[in-house]
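Welcome! Here is a short briefing to help you find your way around a structure you have not met before.

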Amino acid sequence: MGSHHPQPESPRLRRLAVAVVVPIAVLTLVALVALWPSGGVPVPEGPASQAQTTGDVVAVQRGECPEPLPEQQAPQVNGCGTAEVRLTEGADAGGTVTTTLPNRPGAPRVDEGDHVVLIRSPVDATYSIVDHQRASGLWVLVVAFVLALVAFGRWRGVSALVGLAVTFALLVLFVVPAVLAGEPPVLVAVVASAAIILAVLYLTHGFSLATTVAVLGTLSSLALTGVLSAVAVSGLRLTGITDDLSTALGVDHPVNMEGLLVAGIVIGSLGVLDDVTVTQAATVTELARANPAYGAAQLYRAGGRVGRAHIASVVNTIVLAYAGSSLPLLVLIVANVDSLGGVVTDQVIAQEIVRSVVATLGLVAAVPLTTGLAALVFAGRGAPSSAEDVRAHATDPGRPGSPGA
């Protein structure tokens, strides 16, 4: 009879969930403590670095350039001339400096009244404008984001913000310093990902069986993603060094760039993985509540249909996200290479293909893993959760899960 099935949140199942999750949480905490960098970030030996400061442009003097630029060179952004900038930070704050207008590729367009970022050369103490100062605009976007999330999500929105803060703190305070301190990037990424999963999912969705199922499904899929990433990077002999930034990091710091590439794939897959696993766990939970007579096989088949539809859309999202982030490089490579085969096998593009394919394989595995686990947990346990629902099921034979249904 539908009204006699045990509740989905029965004490026995809660104890089982605690027994599974607590050891994982303790192991993650121990690993965090063991890998946490005890000292500061190592500073490479070499010439003094350029100090960065900010200022306000108070005047711009433009003039004609003495010689035309070569045809192959990009057109100048600001023309020839100088800018007077009143410094707002650093030892010279309050003073005014004169600097040449920037004209390198990607240089900021400088006008009077702009808030700019400058660097001070340690050699001759001269200043150069390198970018616009965007702190005020970014704060406006952040405040709008917080207000919209809290207004729509209410307490769920607040918990999501707390989870986001935890994620950001782990990345900035643990992952980056640990990698720069020479710890294995893959191990650091796996430990940080486990901590993020445990903290964020329970903060956002509460401690429940559905959340525990999502946590276990995410951890399992993430482990598979890590293994596939390591195999793909090693098999294709990817170095992880594809541009000036990665080259500088590999030269200046003792970082395993191949491991860092694998770590990036693992962390990058995490956000989409938990979206899929939470959806699958919640779907199976609601199916069990709607029809308590469903067994594990029926729940798995029904949840699997939802998962396949979800995966079909998420896969396109992953590919477009990676393609969009590497679009300038893709354009440059295509412009310089004639054959499609040469473009695809270039390390930059091959690296993005590996990211997309491995992340997709992890997602595909997450659906049956999470759906199967949820089906086993909730099969026959979808009884109504309140006395009013029990009475409604008993008096309405046509209602799903009622005794007469």
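What follows starts with the whole chain, then turns to a pair of helices and two residues.

This is a predicted model. Its chain has 405 residues, of which 37% count as buried, and it holds 12 helices and five strands.

**The chain as a whole**

- The accessible surface of the chain comes to about 21,900 Å², and carbon and sulfur atoms account for 65% of that area.
- If you look at contacts between residues at least 6 apart in sequence, 69% of them join residues at least 24 apart.

**Helices H4 and H7**

- A good pair to look for is helix H4, residues 185-205, and helix H7, residues 257-290, which pack with their axes 9 Å apart.
- The angle between H4 and H7 is about 20 degrees, and because angles under 35 degrees count as roughly parallel, H4 is described as roughly parallel to H7.
- The crossing in which H4 passes H7 is right-handed.
- On the H4 side, the residues that meet H7 are Pro185, Val186, Ala189, Ser193, Ile196, Ile197, Leu201 and His205.
- On the H7 side, their partners are Gly259, Leu260, Val262, Ala263, Val266, Ile267, Leu270, Asp274 and Val278.
- Sorted by class, this contact of H4 with H7 has 13 nonpolar, three polar and one charged residues.

**Leucine 299**

- You can find leucine 299 in helix H8, which covers residues 296-325.
- Its relative accessible area is 0%, and since buried means under 20%, leucine 299 is buried.
- Setting aside neighbours within four places in sequence, leucine 299 is in contact with Val284, Leu287, Ala288, Tyr294, Thr371, Ala375, Phe378 and Ala379.
- One of these contacts spans a stretch of the chain: leucine 299 and threonine 371 are 72 residues apart in sequence, yet their C-alpha atoms are 8.1 Å apart in space.

**Threonine 225**

- Threonine 225 sits in helix H5, which runs over residues 209-235.
- Threonine 225 has a relative accessible area of 0%, so this residue is buried.
- Not counting residues up to four places away in sequence, threonine 225 touches Ser269, Leu273, Val358 and Gly362.

Notes:
Residues numbered from 1 in each chain as written. Predicted model: local features only at pLDDT ≥ 70, side-chain atom pairs only at ≥ 80, totals over all residues. Heavy atoms only, no water. Helix = DSSP H or I, 4+ residues; strand = E, 2+ residues; numbered from the N terminus. Buried < 20%, exposed > 50% of the residue type's maximum accessible area, 1.4 Å probe, protein only. Contact = heavy atoms within 4.5 Å. Areas by Shrake-Rupley, 256 points an atom, 1.4 Å probe, with all protein chains shown as cover. Axes fitted to C-alpha atoms, helices over the stretch in contact; angles between N-to-C directions. Parallel < 35°, antiparallel > 145°, perpendicular 65-115°, else oblique. Left-handed = near helix turned anticlockwise from the far one by under 90°. Nonpolar A, V, L, I, M, F, W, Y, C, P; charged D, E, K, R; others polar.
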